[in-house]
Every structure is written in C-alpha cells, then in structure tokens.
Amino acid sequence: MSSDKVRHEFPPLYDGNSRVLILGTIPSPKSREQGFYYMHPQNRFWRMLCSVLGEELPADIKGRKALCLRRGIALWDVLESCEIDGASDASIKNARPNELQRIFDAADIRAVFTTGKKADALYRRFFSDNGHPAICLPSTSPANRTITERQMLDEYMKIAQYLE
C-alpha cells in the first residue's frame with residue numbers, strides 16, 4: 001500500500017465549557033468520508049465514551065457533537081497532516097501537529113487523553129512542554145484486539161473523574 005498525504009479536513013469540537021480533550025492521531029478514511037471523529041462502524045470509541053458518561057449512543061453526528069459539548073468533552077487530533085497508509089497509524093510519516101493551544105486558550109482543560117500509543121507518542125513529541133501531560137488510553141480501532149472490551153472500558157472510565 002502506498003502512503004497518501006492526508007490533511008485534517010474538519011475542525012476540532014470544543015467550547016468554553018470543555019474540560020477534557022480527547023486526541024486521536026488523524027482521522028481515518030471512514031471518518032474523513034463522514035466528516036467527524038471515530039466514524040468507522042467497528043471503532044469502539046463512541047460505545048466507550050457513552051458507557052463512561054452513562055448516555056445512549058446518539059444516532060447521528062449532530063447528536064454526538066451535542067453530547068460531547070453538553071458533557072465537557074473536546075475532540076481533535078494531534079496531527080494537522082501526515083503521510084499514512086490507509087488508517088495504519090504505524091505507517092505515519094512527515095507528521096505536522098495541529099495548533100492545540102487554541103483549545104487550551106478557550107477552555108479550562110483539566111485532562112488530555114490520547115487514544116492509542118501512536119497518538120500518545122506524537123503528542124509527547126510535539127507537545128511535551130505545554131503544561132498539559134497526556135493520559136494514554138487504548139486505541140478503540142477495530143485493529144486493536146489486544147485488550148478486552150471490559151479492560152478498555154476500565155481505562156476509559158478515567159475520563160469521568162475530570163468531568164465532575
């Protein structure tokens with residue numbers, strides 16, 4: 001498979017009430033196609049987040065956006081652009097970071113979470129000195145089968161303490 005140059009095509013989701021920032025690497029082809037985060041039908045992100053929040057899974061993007069904003073969740077990705085093979089984070093090259101400071105300036109972010117080891121490594125590479133250390137959560141990608149759903153949910157429950 002050949003690498004494609006990918007640019008982040010949709011804006012971050014946040015407002016002044018955001019307390020938790022959740023960062024992936026860069027949107028997958030399915031997410032870019034639909035114009036929102038974690039949109040591969042087998043990605044477990046939305047199931048995990050809704051379980052943490054005790055909420056029903058919204059049926060559409062508009063509902064997912066409203067849920068996040070109502071509950072203090074900001075979403076974006078570490079990268080503004082990169083070269084990547086499909087959705088393989090392991091293949092990322094020539095990474096350029098997003099301008100995360102705009103979220104930190106606009107909201108009282110209490111915790112930053114990265115979804116997966118690659119997002120965490122990139123966050124540490126580009127943002128290690130920004131005063132907002134990241135907590136690495138397991139990747140919810142369908143490719144990650146190294147952890148059970150229960151173990152994953154236990155890790156994602158860490159988000160709740162920063163929303164109280």
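Buried residues account for 48% of the 164 residues in this protein. Keep in mind that what you're looking at is a predicted model. There are six helices and seven strands to find your way around, and starting at the N terminus they come in the order β-β-α-α-α-β-β-β-α-β-α-β-α. The radius of gyration is 15 Å, close to the 15 Å that the globule rule gives for 164 residues, so the protein is as compact as a globular protein of that length.

**Overall build**

- Measure along the principal axes and the C-alpha trace spans about 45 × 35 × 30 Å.
- Of the contacts with a separation of 6 or more, 65% are between residues 24 or more positions apart.
- The accessible surface adds up to about 8,200 Å², and carbon and sulfur atoms hold 47% of that.
- On the charge side, there are 23 positive and 21 negative charges, and their mean positions sit 2 Å apart.

**Aromatic rings**

- You'll find eight aromatic pairs in the structure.
- One of them is F10 with Y37, an edge-to-face pair with 4.8 Å centre to centre and 75 degrees between the planes.
- F10 sits in the loop between β1 (4-7) and β2 (20-24), while Y37 sits in the loop between α1 (29-34) and α2 (45-53), so this pair ties together parts that are 27 residues apart in sequence.
- Both partners are tucked away: F10 is buried at a relative accessible area of 10%, and Y37 is buried at 2%.
- Another pair is Y123 with F127, this time tilted, with 5.4 Å centre to centre and 35 degrees between the planes.
- Y123 and F127 share helix α5 (residues 117-127), where they are four residues apart, or about one turn of the helix.
- Y123 counts as buried at 2% relative accessibility, and F127 counts as buried at 12%.
- Ring pairs also join F10, F36, Y37, Y38, F45 and W46 into a cluster.

**Helix α2**

- Seven of the nine residues of α2 are buried, so this helix is largely enclosed by the rest of the structure.
- Those buried residues are F45, W46, M48, L49, C50, V52 and L53; F45 and W46 also belong to the ring cluster.
- The cover over the buried residues of α2 includes β2, α3 (61-71), β3 (73-77), β6 (111-115) and α6 (149-156).
- Right after α2 comes G54, with a positive phi of about 65 degrees.

**Backbone oddities**

- As background, most residues other than glycine have a negative phi.
- Y38 goes the other way: its phi is positive, about 55 degrees, and it is not a glycine.
- Look for Y38 in the loop between α1 and α2, where it is buried with a relative accessible area of 11%. Y38 is also one of the residues in the ring cluster.
- N94 is another residue other than glycine with a positive phi, near 50 degrees.
- N94 is part of strand β5 (residues 88-97), and at 52% relative accessibility it counts as exposed.

Key
Residues numbered from 1 in each chain as written. Predicted model: local features only at pLDDT ≥ 70, side-chain atom pairs only at ≥ 80, totals over all residues. Heavy atoms only, no water. Helix = DSSP H or I, 4+ residues; strand = E, 2+ residues; numbered from the N terminus. Rg over C-alpha atoms; globule rule 2.2 N^0.38 Å. Buried < 20%, exposed > 50% of the residue type's maximum accessible area, 1.4 Å probe, protein only. Contact = heavy atoms within 4.5 Å. Areas by Shrake-Rupley, 256 points an atom, 1.4 Å probe, with all protein chains shown as cover. Lys, Arg positive; Asp, Glu negative; His and termini not counted. Charge placed at Lys NZ, Arg CZ, Asp CG, Glu CD. Phe/Tyr/Trp six-rings, centres within 6.5 Å; stacked < 30°, edge-to-face > 60°.
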